[in-house]
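Biologist: I should like a close look at one part of this assembly, namely a pair of helices from two chains. Please set the pair in the context of its chains as well.

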Number of protein chains: 4
Amino acid sequence: MARLKIGFFGFGYVASTLTCGIERVKAGEIDLTGIPLENRIPGCNVEEIDVVCGFDVDRRKIGKKVSSFIGMYPELKQMEAFDSIKIHQGVNLGSTDGMPFEAEGVDDSNTLEDSAKIIVERIIEEDLDCTIVVTATEEIYDVGSVSALEAIIQNDEKDKITASMFYAYCAFAAAKKRGRGIVHINGIPSKIANSTVFTELAEKSGSVLIGDDISSGQSRLLSDLMEHYKEINRKILSAIGANWGGNMDFYRLQDEKRNESKKITKTGCAKDILGYDMPSDIKPHGYLSTLGDKKAIFMHFPMRLFNGAEDEIYICGRINDSPAAAGMLVDMGRLGALAISRGESGINATINSFYCKWFGKQHSKILAYQKLVGWVGKS
Amino acid sequence: MARLKIGFFGFGYVASTLTCGIERVKAGEIDLTGIPLENRIPGCNVEEIDVVCGFDVDRRKIGKKVSSFIGMYPELKQMEAFDSIKIHQGVNLGSTDGMPFEAEGVDDSNTLEDSAKIIVERIIEEDLDCTIVVTATEEIYDVGSVSALEAIIQNDEKDKITASMFYAYCAFAAAKKRGRGIVHINGIPSKIANSTVFTELAEKSGSVLIGDDISSGQSRLLSDLMEHYKEINRKILSAIGANWGGNMDFYRLQDEKRNESKKITKTGCAKDILGYDMPSDIKPHGYLSTLGDKKAIFMHFPMRLFNGAEDEIYICGRINDSPAAAGMLVDMGRLGALAISRGESGINATINSFYCKWFGKQHSKILAYQKLVGWVGKS
Amino acid sequence: MARLKIGFFGFGYVASTLTCGIERVKAGEIDLTGIPLENRIPGCNVEEIDVVCGFDVDRRKIGKKVSSFIGMYPELKQMEAFDSIKIHQGVNLGSTDGMPFEAEGVDDSNTLEDSAKIIVERIIEEDLDCTIVVTATEEIYDVGSVSALEAIIQNDEKDKITASMFYAYCAFAAAKKRGRGIVHINGIPSKIANSTVFTELAEKSGSVLIGDDISSGQSRLLSDLMEHYKEINRKILSAIGANWGGNMDFYRLQDEKRNESKKITKTGCAKDILGYDMPSDIKPHGYLSTLGDKKAIFMHFPMRLFNGAEDEIYICGRINDSPAAAGMLVDMGRLGALAISRGESGINATINSFYCKWFGKQHSKILAYQKLVGWVGKS
Amino acid sequence: MARLKIGFFGFGYVASTLTCGIERVKAGEIDLTGIPLENRIPGCNVEEIDVVCGFDVDRRKIGKKVSSFIGMYPELKQMEAFDSIKIHQGVNLGSTDGMPFEAEGVDDSNTLEDSAKIIVERIIEEDLDCTIVVTATEEIYDVGSVSALEAIIQNDEKDKITASMFYAYCAFAAAKKRGRGIVHINGIPSKIANSTVFTELAEKSGSVLIGDDISSGQSRLLSDLMEHYKEINRKILSAIGANWGGNMDFYRLQDEKRNESKKITKTGCAKDILGYDMPSDIKPHGYLSTLGDKKAIFMHFPMRLFNGAEDEIYICGRINDSPAAAGMLVDMGRLGALAISRGESGINATINSFYCKWFGKQHSKILAYQKLVGWVGKS
């Protein structure tokens with residue numbers, strides 16, 4: 001393979017961090033820390049990734065180069081490459097309601113059908129190998145079939161579709177139209193890779209669909225801790241997994257309906273792995289602006305052991321959201337491309353199981369890693 | 001198999017807890033929580049285990065039934081079975097120096113050779129299937145060969161041998177003499193299963209040797225956390241793994257030479273798994289009598305991730321030492337017997353890797369579990 | 001003074017714990033740990049306190065002796081004294097809506113006016129020196145004046161009055177009628193000691209009113225920590241004060257309206273003491289039944305210091321709700337009686353400042369203690 | 001008063017941070033966060049402080065301007081003022097043994113008497129109002145009387161005197177010689193302000209002596225926590241106060257003899273305030289280079305409350321050593337000058353009690369603050 005061209009739907013802190021980090025790797029400023037498989041993925045090294053464009057609805061970004069607004073993220077370094085990455089107008093579909101900036105989407109002045117044509121055209125023009133959705137967390141919608149989805153678009157029923165559904169539709173439509181598959185990653189907690197509708201669209205366009213949500217922080221740790229305690233047959237008596245943050249993701253979660261989707265991707269964890277349920281409170285707990293992208297976490301597990309004794313474990317700390325997700329995405333895009341090169345399409349459960357927060361039942365990531373390494377290394 | 005008869009070298013809190021817990025399981029008072037493999041080990045259920053005797057040098061215990069001194073451990077329930085478990089005199093060999101009780105060993109009035117005869121005779125008389133060493137943590141001694149070990153015993157060089165070395169020698173001598181192998185578990189951080197000398201003795205007597213030290217608490221958790229972070233390619237910048245306790249094990253560790261052996265079993269952990277070294281302080285830190293058997297733990301890991309960002313994790317809590325170890329031993333004895341029934345002798349790396357703290361390089365316990373379950377289930 | 005006779009409105013875990021603890025002190029089983037002023041309050045030692053009756057709406061308790069239902073609280077010991085403490089029927093006024101037991105109040109079959117007569121009569125009959133409200137947390141209601149309160153009762157407007165308002169009214173009405181003041185403690189987060197209406201009723205009946213809510217745990221610690229950091233001029237950047245519990249108080253807080261009152265008593269803390277505001281999340285976070293009365297807490301404070309450096313502090317742990325509150329109440333009742341004996345009536349700011357969660361602006365408890373000790377010791 | 005001229009004995013991270021911070025305040029870059037009394041000290045605002053020189057034995061610093069070596073502390077900004085602050089050669093007296101740099105003191109080529117003359121002359125030449133000792137932590141020596149101290153110097157007994165003793169002697173000798181008192185602050189855990197010898201020298205030279213050690217972090221927090229729990233009469237069952245750091249102070253503490261002095265200033269804390277002793281481990285625990293100046297801390301307190309219940313509190317976090325100490329020193333120097341201007345000499349217990357770690361019995365800092373504010377504000 002030559003290079004991997006990535007486009008982001010939603011060009012915020014995650015997209016900017018991934019771009020900045022990759023450019024710093026190319027420049028020799030930093031090593032591959034935080035990228036799980038480093039340069040062990042056949043066909044594409046980290047240095048061969050190019051972020052080529054973004055799609056966004058924030059008026060401060062539309063039509064601009066990244067260099068013009070990267071100052072919004074003071075932790076990030078201005079890189080030369082930012083001068084050549086352009087932000088196209090994306091779709092809104094209510095995804096930015098209540099956000100603290102002015103938004104305008106292609107869909108605000110076009111029908112869904114026309115909006116789709118515009119986005120599809122851009123994907124083809126930019127010749128994207130990989131599209132990544134890292135927009136705002138949404139309410140979860142479901143749609144029963146591909147034909148139902150197509151009807152929504154034809155009938156311009158904007159209240160029945162979310163941005164992440166629309167972007168997935170466009171990515172696969174572009175792949176089909178140009179006759180070359182795409183890697184589409186749904187990095188937010190909406191039901192895309194978990195939906196047979198989008199799986200079908202991926203398969204029919206020779207594309208690979210990866211998702212949903214990126215597992216990179218507290219819930220990932222939780223799943224391995226639960227496996228750890230399950231194997232020594234501890235009885236977890238209650239489980240707290242709380243976090244507070246100050247980035248836009250937490251800002252949005254002040255809207256209870258959006259928080260709902262976070263709960264779905266998180267609460268199953270303990271039960272799925274342990275095989276029993278216990279009183280638990282596992283979800284984002286609050287927006288505290290000064291915490292920024294580095295959230296504060298707290299976990300608590302009292303547990304019973306042999307002869308009725310009880311242990312108690314507390315975990316706390318500060319963990320970065322965006323750089324953690326960005327490091328995973330550097331692998332995910334390349335692995336999707338590897339899958340396509342091996343003739344796969346649709347869902348690759350091995351990739352999803354290690355990198356995604358929400359894919360089937362929750363499971364230990366340490367075990368998923370073994371399968372992943374096996375799949376990557378097969379000849 | 002019929003039943004599994006266990007004898008303990010050192011009948012303190014671990015032995016008492018294991019006995020109490022097993023009897024409560026038999027009585028239907030508690031379930032199998034804290035016993036990793038529950039009743040999934042072919043050939044022997046938890047209810048089929050009998051603790052039949054102990055060996056100790058504490059004058060308050062020698063020649064007594066457990067029921068007469070179980071009050072020393074107020075957390076434990078007096079059980080009827082304690083009335084039939086007798087404590088024989090064990091060997092001292094300096095292992096109780098500085099301990100807050102009067103000790104008298106068989107070796108105080110006998111040569112090593114005669115002492116060995118006495119202990120061997122007892123093992124045969126009691127018809128033990130499994131012997132478990134849970135005496136005081138010792139200084140680590142090494143001995144180059146079986147013949148060197150035999151010379152030490154013949155020449156009565158008591159300063160060249162420790163209690164755990166002597167007990168391992170006796171267990172295998174008894175097995176050889178009676179013509180039936182034994183499961184010998186070295187549950188303390190001395191070099192027995194890690195020594196080719198004792199491995200050879202085990203093999204030659206058709207016995208299985210399990211050890212060294214029991215992995216049940218903080219270092220076990222540490223190894224899975226390190227695997228967790230290794231797989232997402234974090235760079236751990238420093239590592240603290242501290243604990244404080246109030247049981248006899250912590251009392252003894254006030255003697256710096258004994259603490260040395262704890263450091264050896266603990267510090268390798270991060271490096272062995274991560275593949276690089278970092279500034280670290282991983283060891284028991286202090287004796288605080290009022291903490292009792294439930295130690296206080298603290299762990300801290302700052303780490304670098306993608307694009308130079310830094311996360312920081314703190315873990316603290318209270319964890320029980322003896323019930324955790326006892327739960328593991330309930331499996332270990334039965335698995336050793338299973339190995340013997342399958343014709344094995346010497347070392348079974350699969351068992352040691354999951355249950356022991358110190359066996360070869362440190363590794364993730366979650367991964368060791370997969371192999372263990374495979375070995376147990378093979379037909 | 002002779003003895004101090006206490007009656008509880010709401011005879012749950014706090015009342016039971018206080019009674020059990022005092023009886024154990026009398027029996028010489030425990031010392032005075034957890035009672036701030038021990039036996040240093042002139043006029044009444046701990047041994048001179050008698051809990052004589054309770055008022056409750058739980059059908060399992062009405063008309064019963066405490067000994068008959070103390071088994072609901074397995075941590076508590078059955079004491080002989082429980083046989084002589086009777087539970088009268090109290091008022092409901094919606095305070096138990098949604099609670100997991102059947103409730104029936106005097107007010108369910110009587111007008112407010114008749115209900116008041118019944119309660120007042122009981123207080124006089126039982127010859128109570130001190131009444132303590134430890135019922136369920138309620139929504140906060142306000143009432144403008146004594147006459148408005150009296151009108152509500154006369155007009156039987158049950159939806160305009162809460163149980164804690166009604167009980168305070170009855171306590172002072174009984175004091176007035178019998179011509180002897182009473183110590184009335186409002187131990188829940190409703191606006192009683194913070195209301196000029198009830199202050200006026202207390203004054204006019206020669207009574208002392210103490211409240212609101214008992215400061216015994218996390219918010220108490222928070223106030224001293226904030227004073228600590230204020231004095232070295234740290235700039236607190238954000239503040240988390242979260243807790244989870246499994247007692248009835250947390251059960252009730254699942255009702256958002258009730259949680260509102262908890263937020264009021266808690267969130268002011270940091271700002272009142274520091275003099276500036278910061279993003280914060282300080283409130284009860286969830287009901288996890290298995291935690292019981294021993295809640296799990298978490299606090300987090302990043303802060304700026306000299307030359308722009310930043311420190312970060314995490315606090316976590318398990319803390320008991322009811323025994324902590326009970327220990328404070330042992331002082332509060334005796335101090336109220338001391339105030340009456342010194343000719344005071346209405347509010348004693350010195351007592352409230354140290355023992356209550358909600359009284360005027362939040363402040364350091366360490367400083368309040370100095371004033372308290374001064375007031376107690378004055379001759 | 002005009003300005004306050006400060007000279008440092010030991011020009012490391014604390015001295016550099018204080019200088020940098022004050023210059024940034026002057027430049028309007030930062031506010032007064034971290035300076036307890038801000039500009040509320042009569043006679044001298046923060047902007048009126050000038051660091052004019054230092055004394056050191058590190059060959060990389062002797063005879064240089066601070067600007068030439070400030071790069072050793074990458075967290076600090078290069079400021080213009082560093083160009084005019086010169087480092088004179090100080091005395092070694094073994095205080096840098098084992099440190100990872102080459103050291104050469106005035107005492108290496110001079111008698112103690114001549115060394116004293118040199119240092120005294122420098123103090124007078126530089127016209128210092130305030131000298132601050134922030135050298136390496138030393139072994140604690142004691143000397144019985146002023147005449148015994150003078151004899152040591154005359155007899156050139158270099159093994160009987162430490163650097164902090166020698167510097168205190170020189171500061172007061174300079175004050176006496178020039179006929180104008182000096183503020184001398186002993187910022188390390190040696191026995192200077194706690195010695196009647198140096199108190200006498202301070203008094204006789206019209207100087208004010210402040211010390212010993214600066215209370216700015218974990219032990220300060222510990223003292224207020226103990227006061228907090230004492231006032232609600234909790235029984236602390238055990239106490240852990242551990243910390244790990246990567247600065248030179250921790251490097252030195254690898255030498256057990258130096259750590260001894262840290263233990264003395266720390267362990268008394270819980271007992272002095274609570275009035276009883278408990279098993280405890282309160283001291284620096286280890287050097288982990290990558291932690292730098294921002295140490296990792298851990299505290300643990302199980303405690304008994306009313307009716308035998310038990311609470312448990314864990315505290316952890318990262319806290320900066322040098323900026324915290326520097327912020328306190330900004331006050332201490334000005335307060336010493338205020339005391340001199342009010343005609344005081346020798347020890348001012350009010351200042352020492354709030355700012356120092358080791359002065360008489362340990363006590364709550366919150367209470368000490370009340371006295372301090374009273375003393376500062378008196379007219």
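Is the crossing in which H6(A) passes H6(B) left-handed or right-handed?

Modeller: The model is predicted, so local features need a pLDDT of at least 70 and side-chain atom pairs count only at pLDDT 80 or more, whereas totals for chains, interfaces and linings use all residues. Residues are numbered from 1 along each chain as its sequence is written, while chains are lettered from A and ligands numbered from 1 in the order in which they are written.

The crossing of H6(A) with H6(B) is right-handed; that is, the near helix is turned clockwise from the far one by less than a right angle, an anticlockwise turn being left-handed. Contributing to this contact are A:Leu221, A:Asp224 and A:His228 from H6(A), together with B:Leu221, B:Asp224 and B:His228 from H6(B); residues are in contact if their C-beta atoms, placed from the backbone, lie within 7 Å. By class, the contact has 2 nonpolar, 2 polar and 2 charged residues (Ala, Val, Leu, Ile, Met, Phe, Trp, Tyr, Cys and Pro are nonpolar; Asp, Glu, Lys and Arg are charged; the others, Gly among them, are polar). In each of chains A and B, helix H6 spans residues 218-231, and the two axes come within 10 Å and cross at roughly 145°. Axes are lines fitted to C-alpha atoms, for helices over the stretch in contact, with angles from 0 to 180 degrees between N-to-C directions. Helices (H or I, at least four residues) and strands (E, at least two) are DSSP runs, numbered from the N terminus.

Chain A is superposed on chain B by a rotation of 180° with 0.0 Å of shift along its axis, at an RMSD of 0.0 Å. The two copies are thus related as by a two-fold rotation axis. The surface used is the same in both copies, as 100% of the contact residues of chain A recur in chain B. Such superpositions are by least squares on the C-alpha atoms of residues with pLDDT of at least 70 in both copies. Within chain A, A:Ile315 comes closest to the rotation axis, its C-alpha lying at 2.2 Å.

Chain A is divided into domain 1 (4-214 + 323-377) and domain 2 (218-319), with bounds from an automatic or database domain assignment. Their centres, taken over C-alpha atoms, are 26 Å apart.

As for confidence, pLDDT, the predictor's confidence in each residue from 0 to 100, averages 93 in chain A, where 96% of the residues score at least 70. The model scores ipTM 0.94 and pTM 0.95.

Technical notes
Contact = placed C-beta atoms within 7 Å.
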